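Let's walk through this one together, the way you'd do it at the bench with the viewer open. Ask away as you go.

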Number of protein chains: 2
Amino acid sequence: MSNKLPTRKEDYSAWYNELIKRADLAENSAVRGCMVIKPYGYAIWEKMQAALDGMFKETGHSNAYFPLFIPKSFLSKEASHVEGFAKECAVVTHYRLKNAADGSGVIVDPDAKLEEELIVRPTSETVIWSSYKNWIQSYRDLPLLINQWANVVRWEMRTRLFLRTAEFLWQEGHTAHATRQEAEAETRQMLDVYERFATEYMALPVIKGVKTANERFAGAEDTYCIEALMQDGKALQAGTSHFLGQNFAKAFDVQFTSKEGKLELVWGTSWGVSTRLIGGLIMAHSDDDGLVLPPKLAPIQVVIVPIYFNEEQLAKLDEMLYPLRDRLKKLGISTQYDNRDTQKPGWKFAEYELKGVPLRLAMGARDLEQGTIELARRDTKTKQFIPFSSVEEVVQQLLEEIQQNLYNRALSFRLDNTTLVDDYEQFKKLLDEKGGFFAAHWDGTKETEEKIKEETKATIRCIPLDAKEEAGKCIRTGMPSTKRVLFARAY
Amino acid sequence: MSNKLPTRKEDYSAWYNELIKRADLAENSAVRGCMVIKPYGYAIWEKMQAALDGMFKETGHSNAYFPLFIPKSFLSKEASHVEGFAKECAVVTHYRLKNAADGSGVIVDPDAKLEEELIVRPTSETVIWSSYKNWIQSYRDLPLLINQWANVVRWEMRTRLFLRTAEFLWQEGHTAHATRQEAEAETRQMLDVYERFATEYMALPVIKGVKTANERFAGAEDTYCIEALMQDGKALQAGTSHFLGQNFAKAFDVQFTSKEGKLELVWGTSWGVSTRLIGGLIMAHSDDDGLVLPPKLAPIQVVIVPIYFNEEQLAKLDEMLYPLRDRLKKLGISTQYDNRDTQKPGWKFAEYELKGVPLRLAMGARDLEQGTIELARRDTKTKQFIPFSSVEEVVQQLLEEIQQNLYNRALSFRLDNTTLVDDYEQFKKLLDEKGGFFAAHWDGTKETEEKIKEETKATIRCIPLDAKEEAGKCIRTGMPSTKRVLFARAY
């Protein structure tokens, strides 16, 4: 623990990588681009899953599970899906190994070649809609509201832990509806669910918007997203919700008999968030001393450390602190009592700071005498002594306060780093100097969007849903525009 | 719902397949051997996961996630592991698709060939122990108690829904310990956890035992298992717990510095159960009318059906039954109120019977007058009228009673179908006529075990942990034996 992390200012990217390593969240594996999510990192994912899964079920969705493999031919069925997607995929071509003749190990059995290659799912629209064809006959079978928790693989060339990995974990919702209106409402509802999750659990303010045609999911008519701002001024797409129109229904011939007895094509949506959110969580709140986790997603919310110089003192502290731990646990607060004798208190303090535990309680001999306990907040780094008798009350209140404080802090940061800009040179200058979100006019053409990207590395993150109608001129071409869109460099 | 299921007696296998289809549990997908787990089937898996995950955490385990892919060379590292395993695997050889020149769709890009082929994990010992090498340096890092919930792929030639599929879902625990004793204790502890889960949740009596060398997991020193008996007299291996000795530590060079400062090899275990348990659950309890689910794993524990002839009656029933549903839900009972007007009560009764809902409540106009409600048990098919005011109490009590009754019934069945046998001809005859478990003497040799398998299709399911020491003669060779082992034909 003696080595400090690189600071964010020095090297944001090194800080991020080193923090993940030291806080024991994840690591690269022997397989290129695939990560190992270590127990502490996975515990955050489990908390995310539990919260999201609850929200999905509240809104009427059920979980199911579809195959990992997709027949190659399925990917050719939806033209724009295959055009815009699915090129960098893991391809299964054989189904058997055999012992090498020279005894050196195993080799792929050349006789066991698949007739049709299988693709490890990069996303599951095709395989799911091929099932939906059999599940949907009548309007009575609709809406079909299904979610899947799964691993997916996209053969990314440049990977970064959590943010971009060849294999990642996610959830993908896939719903089918009788009308365009219902499917559009579902798309927006799930965007709202994501916004609520980001806000309430991740303490992460997000901007809801719609992607430009260029950035749209391949196969969607509209892609909605939530976009967040990281501390280095880069944007992170934190979740997407797609209105698929009838594209996949057409590709897989999914029709239903309406109440009026007419055969109609089904309307679809899909929506997903992934372990990338953990990367966003880290980058939004953490500091140069380590992780800062919002209490609602922290695997350990409170840690209690006894400070003692001999066995007798420890025994007395144990007597007070084991029951305290149990009382906090009973209140639903995930609490750890660390009375290990293999490490010193100072080491433990640094360790839990690094791991982003929101509240630390420490008690020593003097506290025992005085009936106090020391309480330290991870977010503000403030400490105070409080009466031992008030711990439960104070802890509960502070966990809420920390959750709120992290949100407020991230929101201020975003507001401070969102710039209204009307001049292209100014835009380019500020992108380099300050970063952040830029609200600017755009002429609505793909050509301009791509030119701006080429010249500045900034992309249109979204057209915010709450963007005001206002007459303006495109920042690059001067052509007329009716609302500002959100530019940023992005992960 | 008019078509009856095939009966178990007529055709057990057709009954099983048809039941899974009609109860909407799962189906085959377009990918050979891979199933789609439909929402109702997946809901059972979620209940299993929740119960098991709680037990794993209670016993000190954490979840983590390791890569889907295993470099081919890893499989060559543990000699007996590769010898006995890992031949029928999905092999990834390429990482990119491209558009076909003729515009017909996508093809595998021949230029995107991997240098080293990747195997889709059939089990994760190798990839996990390659990580453990970096995680374990000192005795302080031990024990390492990790579990993973994941999908795995074994390219089975003959597949059956839930029981044997190319891809399946499971959990795999992988632990590392400082001593043989600790690792052995862990192996046995997890076997006990599986037994408790089978008994308390699945209402499934199991026999704990150890596998013969022949049936041992490739790479293990000992494989423990729980074995259950299905209604057709065939055995089902429901879970395994392996004592790995130092085999994987050797293969991946995982050593630690002991308290005494000596470098030592780590001891390992691994243990798993899979979606196969759903197959076992179906086959253990269900009948010719459909699923019978133990209340603790039933996605819907209670269904309430209103019986009405006009809107006015329905309105009155709604007024009583919505609040009843909510009261039951508050008691933690998963309850559904089905007042759909698209289906008749008779249809609904048959549907919920088929789906194995443990308790059905039905209320009509006369009940309203008399303050009663009709209650039907799925397990015994008995019905009774009870006072409306007593519903909560009766339902809670009956759910417990049903859970217990299913266990008792399955236990009686197993006891009735376990035969002590000392004569080989008798054994062969009873295997065909009656099936079930056979407790018989065996001379302990691989040759005899294989001959018996060849001649009878029965295998040694396990050497029960509670097998009494008794002098006997091998049922096939007459050679001396000290305890009876358990034979059966098996899934």
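Q: Let me start small. In β27(A), which residue is the bridge partner of A:A439?
A: It's a predicted model, so read everything here as the predictor's picture. The bridge partner of A:A439 in β27(A) is A:L486. That pair belongs to a bigger match: strand β23 (residues 437–441) of chain A and strand β27 (residues 484–488) of chain A pair in the antiparallel sense over 4 bridges.

Q: What is the strand order of the open sheet of 11 strands in chain A?
A: Read it from one edge to the other: β3-β9-β10-β16-β13-β12-β11-β24-β27-β23-β22, with mixed pairing. At the edges you find β3 (62–63) and β22 (418–420) of chain A; each has a single partner strand, so one side of each has no neighbour in the sheet.

Q: How do I read a strand such as β13 of chain A: how many of its residues are buried?
A: Burial here is a neighbour count: 20 or more other C-beta atoms within 10 Å makes a residue buried. In strand β13 (residues 235–245) of chain A, 10 of the 11 residues pass, so this strand is largely enclosed by the rest of the structure.

Q: Which strands pair with β13(A), and in what sense?
A: Strand β12 (residues 222–229) of chain A pairs with β13(A) in the antiparallel sense over 8 bridges, and A:L229 has A:A235 as its bridge partner there. These two strands make a hairpin with 5 residues between them, and A:G233 in the turn shows a positive phi of about 85°. Strand β16 (residues 267–274) of chain A also pairs with β13(A), antiparallel over 5 bridges. On that side, A:S241 stands opposite A:W271.

Q: Over in chain B, how many residues of strand β23 are buried?
A: In strand β23 (residues 437–441) of chain B, 4 of the 5 residues are buried, so the strand is largely enclosed by the rest of the structure. Its pairing with strand β22 (residues 418–420) of chain B is parallel, over 3 bridges, and B:T418 has B:F437 as its bridge partner.

Q: What about the 5-strand open sheet in chain B: what is its order?
A: The order is β18-β17-β19-β20-β21, and the pairing is mixed. β18 (335–337) and β21 (383–387) of chain B stand at the edges with a single partner strand each, so one side of each lacks a neighbour in the sheet. Ignoring direction, neighbouring strands are turned by 25° against each other on average. At one end, strand β20 (residues 372–377) of chain B runs antiparallel to β21(B), joined by 5 bridges, with B:L375 opposite B:Q384.

Q: Which strands does helix α9 of chain B lie across?
A: Helix α9 (residues 311–330) of chain B lies across β17 (302–306), β18 and β19 (359–363) of chain B, at about 170° to β17(B). Helix α10 (residues 345–354) of chain B packs on the sheet too, touching β17 and β19 of chain B, and its direction also makes about 170° with that of β17(B).

Q: Take a single residue now. Is B:E116 buried or exposed?
A: Exposed is the call at 12 or fewer neighbours; B:E116 has 11 C-beta neighbours inside 10 Å, so that residue counts as exposed. B:E116 lies in strand β8 (residues 113–120) of chain B. Leaving out residues up to four places away in sequence, B:E116 touches B:P71, B:K72 and B:S73.

Q: How many residues of each chain are in contact across the interface?
A: People often express interface size as the accessible area lost when the parts come together. Here we count contacts instead: 54 residues of chain B are in contact with 54 residues of chain A. The chain B side has 32 nonpolar, 12 polar and 10 charged residues. Strand β5 (residues 91–94) of chain A and strand β5 (residues 91–94) of chain B run antiparallel, joined by 3 bridges, and A:H94 stands opposite B:V91.

Q: What confidence values come with the model?
A: Chain A has a mean pLDDT of 96, and 99% of its residues reach 70 or more. For the complex, the predictor gives an ipTM of 0.96 and a pTM of 0.97.

Methods
Residues numbered from 1 in each chain as written. Chains lettered and ligands numbered in written order. Predicted model: local features only at pLDDT ≥ 70, side-chain atom pairs only at ≥ 80, totals over all residues. Contact = placed C-beta atoms within 7 Å. Nonpolar A, V, L, I, M, F, W, Y, C, P; charged D, E, K, R; others polar. Pairing = 2+ DSSP bridges. Axes fitted to C-alpha atoms, helices over the stretch in contact; angles between N-to-C directions. pLDDT = per-residue confidence, 0-100.
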